[in-house]
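Here is a short tour of one structure, taken at an easy pace. Have the sequence and the 3D view open as you read along.

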Amino acid sequence: MTDLQFVVHGAAEVAAVSDADDAGPAAGLETIADGAVAVVDGEIAAVGETATVTRDYPPENAATAIDAAGKTVQPGFVDPHTHAVFAGDRSDEFEAKLRGKSYQEIMAEGGGILRTVRATREADTETLLANLLDHLDLMLAHGSTTVEVKSGYGLDTETELRMLEVIDRANERHPIDLVATYMGAHAVPEDRDTDEYVDEVVDEQLPAVADQGVAEFCDVFCEEDVFDVAQSRRILEAGRERGLSPKAHAEEFVHLGGTQLAADVGATSADHLLNATSDDVRALIDAGTVPVLLPGTAFGLRTEYADARGMLEAGAPVALATDFNPNCHSHSMGFATTLACVGMRMTPAEALIGATRNAAAAIDRPNGPGRLEVGGPADLCVLDAPSHVHVPYSFGVNRVETVVKDGEVVHG
Ligand code: NIG
Ligand code: FE
């Protein structure tokens with residue numbers, strides 16, 4: 001006798017995301033009217049029309065049942081790029097940017113990342129943990145059930161390790177599954193020579209992070225006046241040798257070559273890509289590196305968006321993320337889908353795939369989260385809206401009503 005853990009039934013739409021059998025940017029999304037999902041032992045046991053699913057899995061036998069009349073059931077969002085561990089507040093920089101200051105000008109004056117580094121180094125570990133848990137609560141309320149979190153506001157071994165420890169502890173306590181990325185190469189610390197700092201990252205920080213086993217990925221900000229391609233390569237290759245899969249922030253402000261580098265080193269993802277060329281995109285596709293687009297960052301900085309349409313038409317599995325950080329203060333994958341549609345002309349179906357299945361690929365979770373299919377983990381959202389289109393369509397409000405993680409209601 002199996003335990004029927006959860007049934008949601010009578011939904012206006014079940015947005016079932018699975019692997020694509022055929023080509024096309026939104027392949028793998030099936031919308032089922034009057035749909036239902038049944039969960040047994042944390043795993044999805046059935047997805048289909050209510051009449052069929054409830055015949056085998058009667059809601060009255062389930063530990064929890066939800067009547068989803070007028071509502072939508074979709075996979076929990078996967079957010080594959082955040083910088084959610086930090087202390088301090090940079091809302092005044094938001095105002096400075098509105099008055100015309102650029103991100104780089106703020107950074108050159110010691111603001112931006114370096115300001116968050118100062119605040120984070122000064123904060124005790126419990127404060128960092130409490131801050132992260134608060135952000136995760138908001139992300140969960142907006143439907144994210146798996147989130148990648150980077151270090152990178154320590155820029156010294158002790159603080160980088162503390163940030164990664166905080167991610168690990170939050171992962172144990174919070175319903176969201178966390179994926180940790182070491183990003184000691186997020187900026188060059190004040191008054192340090194870049195090459196000398198790269199030596200520290202490679203010879204001291206990376207070995208310590210690898211020894212503790214607290215990170216799965218190694219990321220680098222490959223950008224003009226931050227880490228050049230050669231320095232970024234050194235760091236990503238050193239990380240890979242120590243078992244950390246590469247990721248790169250590439251082509252955000254200028255075209256430097258970080259995308260080709262990401263493809264070259266077999267990175268799991270290349271992120272931002274605002275200035276990536278079609279050759280860059282081809283290289284990513286050939287290497288199996290997932291392009292992660294962060295439309296919230298472009299929106300907040302009022303810059304051009306990445307060329308999502310060009311990438312999708314070339315056949316790239318475009319993923320979306322919030323890039324939640326003090327410079328891009330959005331916890332909402334739903335809002336990222338709005339920006340993806342309005343700013344980058346993605347369709348709502350492409351945006352949903354980008355925010356779930358492709359996002360899971362960007363953190364090397366090819367068979368688990370970001371799907372709604374039989375045998376997959378029961379990470380779901382119930383939306384107070386009649387279709388998945390209403391997520392990008394309803395901007396500025398949160399349509400997520402209930403969040404289910406491993407078959408348990410964890411929000412709503
Ligand atoms: O991905 N571009 C570099 N890193 C972050 C911003 C971090 C910050 O400004 O604190 C990003 O947007
Ligand atoms: Fe980032």
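Around ligand 1 there are 13 residues, and Ile113, Thr297, Asn325, Pro326 and Asn327 come nearest (a residue is near a molecule if its C-beta atom, placed from the backbone, lies within 6 Å of it). This is a predicted model, in which local features need pLDDT of at least 70, side-chain atom pairs count only at pLDDT 80 or more, and totals for chains, interfaces and linings use all residues. Residues are numbered from 1 along each chain as its sequence is written, while chains are lettered from A and ligands numbered from 1 in the order in which they are written.

Now to the domains. The protein chain splits into domain 1 (4-75 + 371-411) and domain 2 (77-362), with bounds from an automatic or database domain assignment. Their C-alpha centres lie 29 Å apart. In the contact between them, 23 residues of domain 1 meet 22 residues of domain 2 (in contact means C-beta atoms, placed from the backbone, within 7 Å). On the domain 1 side, strand E15 (400-405) is among the contributing elements, and E15 gives the most, with 3 residues.

Here is the make-up of two residue groups, with Ala, Val, Leu, Ile, Met, Phe, Trp, Tyr, Cys and Pro counted as nonpolar, Asp, Glu, Lys and Arg as charged, and the others, Gly among them, as polar.

| Group | Nonpolar | Polar | Charged |
|---|---|---|---|
| Shell around ligand 1 | 4 residues | 7 residues | 2 residues |
| Side of domain 1 that touches domain 2 | 14 residues | 5 residues | 4 residues |

Definitions and conventions
Contact = placed C-beta atoms within 7 Å. Helix = DSSP H or I, 4+ residues; strand = E, 2+ residues; numbered from the N terminus.
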